[in-house]
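Q: Got a minute to walk through a structure with me? I'll just fire off questions as they come up.

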Amino acid sequence: MSTMECATSKKLMSPFIDSMVTADEAERLQEHISFCEPCHRHLQSFISMRSLLARIETPALPEDMVLETRVRLSQERNKNVLARLENRFNYILKPMVVPVLLGVSLTMLLFGVLLGSLNSTVLAQDRVAEQSVFALSDLPLYKPVHTTDPNWIRFASSDKQDVDKPVNIETHIGNEGRVIDYEVLSGPQSPEVNGWIHEVLSLVKFTPATAFGKPVESRIILSFIAVRN
Amino acid sequence: MPREIAYNWLDRAAGQTALSAEEALFVLRLQANEDAAYDELVRTYNASIFHVAYRMLGDSAESSDLVQEIFLKVFRNIGGFKGEAALKTWIFRIAFSEILNRLRWWKRRRRFATVSLDDSPNGSGSGRSVAASSPTPEQALQSKEQEAAIQQALGRLSREHRSIIVLRDIEGFSYNEIADVLGVSIGTVKSRLARARGDLKKTLMRYLSVQHLR
């Protein structure tokens with residue numbers, strides 16, 4: 001181990017008191033100061049000064065400093081409303097965008113499928129309604145009252161009565177297809193004609209109207225035009 | 001966008017960032033502008049920043065004002081913080097930049113910080129005392145005198161030397177932290193600290209106890 005010179009020794013003193021020298025440097029320095037009075041005093045003064053500085057009293061914080069700092073920070077942070085909104089968007093809304101879009105898409109898809117199936121049912125019902133002579137209702141889920149009874153049609157047209165002018169009758173049909181009530185809206189009025197109407201309507205049995213597949217009461221207008229023997 | 005920046009550095013491998021997971025989450029909260037995080041930030045750092053500012057400037061009111069400026073600057077720049085240094089050293093880098101700017105501003109206006117024995121930063125004596133028990137009046141007077149002498153001695157050092165003494169011998173920063181805060185190498189920290197201590201020792205000699213070799 002070589003003997004250390006005072007200049008080298010003094011260079012090492014500052015890192016030495018911070019334990020920032022190698023073990024070898026520390027050993028050589030300690031050996032040097034064990035016989036070198038000036039270097040010993042130098043190191044002692046360094047250690048004493050560090051101790052003095054470490055013991056220095058901590059200055060008391062000004063009373064309102066923390067409060068004022070918080071207030072100024074708060075004012076600064078709220079100064080830029082747009083930036084604040086953008087931050088909110090980034091941290092709260094942005095993570096929700098994908099799930100929300102996915103949810104909306106799935107809901108729309110579900111509704112699309114459901115509406116598609118309903119639409120096909122409606123179209124089928126519309127076709128039935130168009131085929132019916134007695135169609136009074138445009139409601140797609142309703143089936144109108146009608147009859148295709150050939151015997152009744154033959155009877156109505158082969159009666160002895162001569163009716164020159166058209167007869168319009170509003171007829172109330174029960175859910176079993178029988179006429180519950182009727183009212184002559186226009187046409188010739190006579191006991192014969194009334195008797196003929198009463199007889200014809202008491203004989204007829206309609207296929208009742210349906211709503212959602214169930215027979216319901218309904219009203220139809222029957223027109224008899226130029227009924228002759 | 002603060003969040004994207006935060007994700008970028010948070011997603012790095014552990015060895016590439018100087019932050020612990022806890023500190024990284026704290027920074028994320030700051031970048032998200034969370035009230036509680038800023039309260040915690042002020043609570044954690046306001047005293048140490050004030051102490052450093054006071055030792056550098058020697059003026060309590062100026063130091064208090066500067067602390068507020070430093071926190072505002074931290075808030076304005078936290079979005080750009082990428083975790084390349086510990087949060088503490090990043091904050092003190094900002095603090096020292098502000099402190100040195102203030103000192104330059106003073107110099108341009110020929111203002112010099114003066115500390116008198118009556119201008120104790122402790123005011124009514126509410127500051128933390130080193131002695132565990134109440135000091136005697138003689139001890140209190142001696143302590144006050146030493147405090148003033150140290151502050152005056154610090155004021156006579158160059159800004160570079162004062163910075164390094166305050167960081168190492170008063171605030172207890174490590175060499176690595178000092179290098180990060182002042183933006184110099186460890187070698188520079190060592191040599192600058194040795195020179196600063198040598199200068200300061202000359203001024204404070206009468207307060208130092210030196211035992212002779214026999």
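Q: Which strands does helix α7 of chain A lie across?
A: In this predicted model, α7(A), residues 191–203, lies across β2 and β3 of chain A. The helix runs at about 145 degrees to β3(A).

Q: And how many bridges join β2(A) to β3(A)?
A: There are 6 bridges, and the two strands run antiparallel. β2(A) covers residues 167–173, while β3(A) covers residues 179–186.

Q: What stands opposite A:Thr171 there?
A: That's A:Tyr182 in β3(A). Another such pair is A:Ile173 with A:Val179, again in β3(A).

Q: What do β2(A) and β3(A) form, and how many residues sit between them?
A: They form a hairpin with 5 residues between them. In the turn, A:Gly177 has a positive phi of about 100 degrees.

Q: OK, the sheet itself. What's the strand order?
A: It's an open sheet of 3 strands in chain A, ordered β3-β2-β6, with antiparallel pairing.

Q: Which strands stand at the edges?
A: β3 and β6 (218–224) of chain A do. Each has a single partner strand, so one side of each is left without a neighbour in the sheet. Neighbouring strands of this sheet are turned by 25 degrees against each other on average, if you ignore direction.

Q: Switching to contacts across chains. At what angle do α3(A) and α9(B) pack?
A: About 80 degrees, with the axes 10 Å apart. That makes α3(A) roughly perpendicular to α9(B). For orientation, α3(A) spans residues 37–54 and α9(B) spans 186–204.

Q: Which residues meet there?
A: From α3(A) you get A:Ser45, A:Phe46, A:Met49 and A:Leu52. They meet B:Arg197, B:Leu200, B:Lys201 and B:Leu204 in α9(B). By class, the contact has 5 nonpolar, 1 polar and 2 charged residues.

Q: What about A:Val66, where is that and what does it contact in chain B?
A: A:Val66 lies in helix α4 of chain A, residues 65–79. Leaving aside neighbours within four places in sequence, A:Val66 is in contact with B:Val42 and B:Asn46.

Q: Is A:Val66 buried, exposed or partly exposed?
A: Partly exposed, because A:Val66 has 19 other C-beta atoms within 10 Å, and counting as buried takes 20 or more.

Q: Now the nonpolar core. Which residues in the largest one touch the most other members?
A: That core has 57 residues, and the ones touching the most other members are B:Ile49, B:Ala53, B:Val67, B:Ile70, B:Ile91 and B:Ala95. Helix α3 of chain B, residues 35–57, gives the most to this core, with 10 residues.

Q: Pick B:Val67. What does that one touch?
A: Not counting residues up to four places away in sequence, B:Val67 touches A:Met65 and A:Thr69 from chain A, plus B:Asn46, B:Ile49, B:Phe50 and B:Ala53 from chain B.

Q: And which residues are in the other core?
A: Apart from the largest core lies another one of 6 residues, among them A:Val145, A:Val179, A:Ala209 and A:Ile220. You've met A:Val179 already, as the residue opposite A:Ile173.

Q: How many helices and strands does chain B have?
A: Chain B has 9 helices and 0 strands. Of its 214 residues, 33% count as buried. Among contacts in chain B between residues at least 6 apart in sequence, 69% join residues at least 24 apart.

Q: I'm checking backbone torsions too. What's the phi of B:Asn33?
A: Near 65 degrees, a positive value in a residue other than glycine. Most residues other than glycine have a negative phi. B:Asn33 is found in the loop between α2 (21–31) and α3 of chain B. With 19 C-beta neighbours inside 10 Å, B:Asn33 counts as partly exposed.

Q: And A:Ser19, what's the phi there?
A: A:Ser19 has a positive phi of about 55 degrees, although it is not a glycine. A:Ser19 lies in the loop between α1 (6–17) and α2 (23–33) of chain A. A:Ser19 counts as exposed because it has 7 C-beta neighbours inside 10 Å.

Q: Last one: what separates the C-alpha atoms of A:Thr8 and A:Glu25?
A: They're separated by 9.9 Å, with the two residues 17 apart along the chain. A:Thr8 lies in helix α1 of chain A and is partly exposed, with 15 other C-beta atoms within 10 Å.

Key: Residues are numbered from 1 along each chain as its sequence is written. Chains are lettered from A and ligands numbered from 1 in the order in which they are written. This is a predicted model: local features need pLDDT of at least 70, side-chain atom pairs count only at pLDDT 80 or more; totals for chains, interfaces and linings use all residues. Axes are lines fitted to C-alpha atoms, for helices over the stretch in contact, and angles run from 0 to 180 degrees between N-to-C directions. Helices (H or I, at least four residues) and strands (E, at least two) are DSSP runs, numbered from the N terminus. Angles under 35 degrees count as roughly parallel, over 145 as roughly antiparallel, 65 to 115 as roughly perpendicular and the rest as oblique. Two residues are in contact if their C-beta atoms, placed from the backbone, lie within 7 Å. Ala, Val, Leu, Ile, Met, Phe, Trp, Tyr, Cys and Pro count as nonpolar, Asp, Glu, Lys and Arg as charged, and the others, Gly among them, as polar. Two strands pair if DSSP finds at least two bridges between them. A nonpolar core is a set of buried Ala, Val, Leu, Ile, Met, Phe, Trp, Tyr and Cys residues joined through C-beta atoms within 7 Å. A residue is buried if 20 or more other C-beta atoms lie within 10 Å of its own, exposed if 12 or fewer, and partly exposed in between; C-beta atoms are placed from the backbone.
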